[in-house]
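Good morning, and thank you for coming. I should like to take you through one structure, going from strand pairings to the interior.

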Amino acid sequence: MKAYPIRTIAPCSHSTARATTKIAPFSAMLLLPILIFCLASCTSMPSSLGNPSIQRGDYLGEHTPTDSALLFAPHLVSTGANERDLVVAPDGKELFFCREVGGFRYNAILHTTQTNGKWTKPEVLPFCRDAAYKYLEPHLSPDGSRLYFASNKPTGTSKEENFDIWVSDKKDGQWEQPTNIGAPVNTSSREFFPSVTADGTIYFTHLDTAAKDEYIYRSRYVNGRYLQPEKLSPNVNMGKGRFNALVAPDESYIIVPAFGMPDSYGGTDYYIVFRDSLDRWSKPINMGNKVNSDDGKEWSASLSPDGKYLFFMSARRGSNHIDELSAESIDRFYRSPQNGNTDIYWIGTAFIEELRRKAQFE
């Protein structure tokens, strides 16, 4: 399994200060400015969990990837907990992602914004704070005016918990209280992972209670309302299971996490299916080891607003390891990314155009 780079911070050592007691007074005077600088640098270093409020620049100041996947924002977004479902606003100044703890008992959508060049500390969205329910899979409309997500919170006075798709509109720079988007998209069964095109068409996962399986559907948005959803072709609804499909804003392709495919790297892999002008879907193509691994937890992807980068969830362990077991090393491993929980990676999308040349339409 390929190891992916992780940014680490060297621990501060204070042994130098103790050693100065054995240095001649004149030598100590010469070293004093260096020691002050060292100690000041150590004091100003962020903790192992990072401090998002000091991050500047696009994408939390991270170095952008090319054709190799990089761990995204280690210790800031990817922290050692289960993180997934990252999405970036069209202007690049808002970022949403999910963090899950307690074996899916608690699942929240976190939000950070860039103000005067600085990124704020990620906080749970105000309308996602009731711990009795789960909030996951945020997705922004291509124009950034609507935030879609999935939740099992009840609708109105109903006490029934059922995963539906919700939407919050942005007014005067603030996200309003969300509303359930209702029928015909939402049903008495479960709906997950909304993904919206430039013309408002919504793609989503629907649990077919009769078949006891999940399939990818889409619903066209016409004259302000959603039309009856349609189940997509077997090329999209592939394998023994498929879910959480991401559609490109121009609807030219869809990325589908699927398992039970003959060419799988192991567990769930990301597959891409291209769409032509006749609304035909190509045969699915495994996206390869640039994004897939033998890890079984790869099932959430998104695109940067300009389409240059693909974000994806994976639980690959990479370079994080323990050399010798101790309470401190276990705690450090537990609180660091690439520890077996899911992290967020990103990669340049040029390889998608290479895959497009392999597309076969029946």
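Let me begin with a hairpin. Strands E3 and E4 form a hairpin with four residues between them, and Gly102 there has a positive phi near 75 degrees. Please bear in mind throughout that this is a predicted model.

The two strands of that hairpin, E3 and E4, run antiparallel and are joined by eight bridges. Strand E4 covers residues 106-115. One pair to look at is Phe96, which stands opposite His111 in E4.

Is E3 largely enclosed or not by the rest of the structure? Strand E3 is largely enclosed, because six of its eight residues are buried.

On its other side in sequence, E3 also takes part in a hairpin with E2, this one having five residues between the strands. Gly92, in the turn, has a positive phi of about 75 degrees. Five bridges connect E2 with E3, and the direction is antiparallel. Within this pairing, Val88 has Leu95 of E3 as its bridge partner.

Lys93 belongs to the loop between E2 and E3, the latter strand spanning 94-101. Its relative accessibility is 41%, so Lys93 counts as partly exposed. Which residues does Lys93 touch, if those up to four places away in sequence are not counted? They are Thr112, Thr113, Gln114 and Trp119. For one of these, Thr113, the C-alpha atom is separated from that of Lys93 by 5.5 Å, although the two residues are 20 apart along the chain.

I turn now to the cysteines. How many disulfides does the structure hold? The count is zero. Consider Cys98: the closest cysteine sulfur is that of Cys128, at 8.1 Å, which is too far for a bond. The relation holds from the other end as well, since the closest cysteine sulfur to that of Cys128 is in Cys98. As to their surroundings, Cys98 is buried because its relative accessibility is 0%. Cys128, at 3% relative accessibility, likewise counts as buried.

Next, a sheet formed by strands distant in numbering. Four strands make an open sheet, in the order E1-E25-E24-E23, with antiparallel pairing. At its edges are E1 (70-71) and E23 (301-303), each of which pairs on one side only. Inside the sheet, E24 (residues 309-314) and E25 (residues 343-348) run antiparallel and share six bridges. Across that pairing, Phe312 stands opposite Tyr345 in E25.

Between helix H3 (327-334) and E25 there is a loop, and Ser336 lies in it. Is Ser336 buried or exposed? Ser336 counts as buried, because its relative accessibility is 9%, the cut-off for that class being under 20%. Leaving out residues up to four places away in sequence, Ser336 touches His75, Thr79, Gly80 and Asn320.

The sheet also leads us to the nonpolar interior. The largest nonpolar core has 22 residues, and those with the most contacts inside it are Ile255, Ile272, Met287 and Leu310. Two or more residues each come from strand E20 (253-259), strand E21 (269-274), E23, E24, E25 and helix H4 (350-356). Apart from this core lies another, of 20 residues, including Ile109, Phe149, Ala150 and Phe163.

Leu310 deserves a separate word. Setting aside neighbours within four places in sequence, its contacts include Leu246, Ile255, Met287 and Val291. Also among them are Ala301, Ser302 and Leu303, as well as Tyr345, Trp346 and Ile347.

Finally, the empty space. Rolling a probe the size of a water molecule over the atoms shows where such space is left. In this model there are two cavities of 30 Å³ or more. The largest cavity holds about 110 Å³ of space. What lines the largest cavity? Its lining consists of 17 residues, and those nearest its centre are Asp85, Leu86, Ser300, Ala301 and Ser302. The elements giving two or more residues to this lining are strand E2 (82-88), strand E7 (135-140), strand E12 (191-196), E23 and E24. The largest share, four residues, comes from E2.

To close, two strands link the parts of this talk. Strand E2 pairs with E3 and gives four residues to the lining of the largest cavity. Strand E23 is an edge strand of the open sheet, and gives two or more residues to the largest nonpolar core and to the lining of the largest cavity. Thank you for your attention.

Notes
Residues numbered from 1 in each chain as written. Predicted model: local features only at pLDDT ≥ 70, side-chain atom pairs only at ≥ 80, totals over all residues. Heavy atoms only, no water. Pairing = 2+ DSSP bridges. Buried < 20%, exposed > 50% of the residue type's maximum accessible area, 1.4 Å probe, protein only. Contact = heavy atoms within 4.5 Å. Core = buried A, V, L, I, M, F, W, Y, C linked by side-chain atoms within 4.5 Å. Disulfide = S-S within 2.5 Å. 1 Å grid on protein atoms, 1.4 Å probe; cavity = no way out; pocket = protein on both sides within 12 Å on 5 of 7 lines; lining within 4 Å. Points joined across faces, edges and corners; volume = space filled by probe spheres on them.
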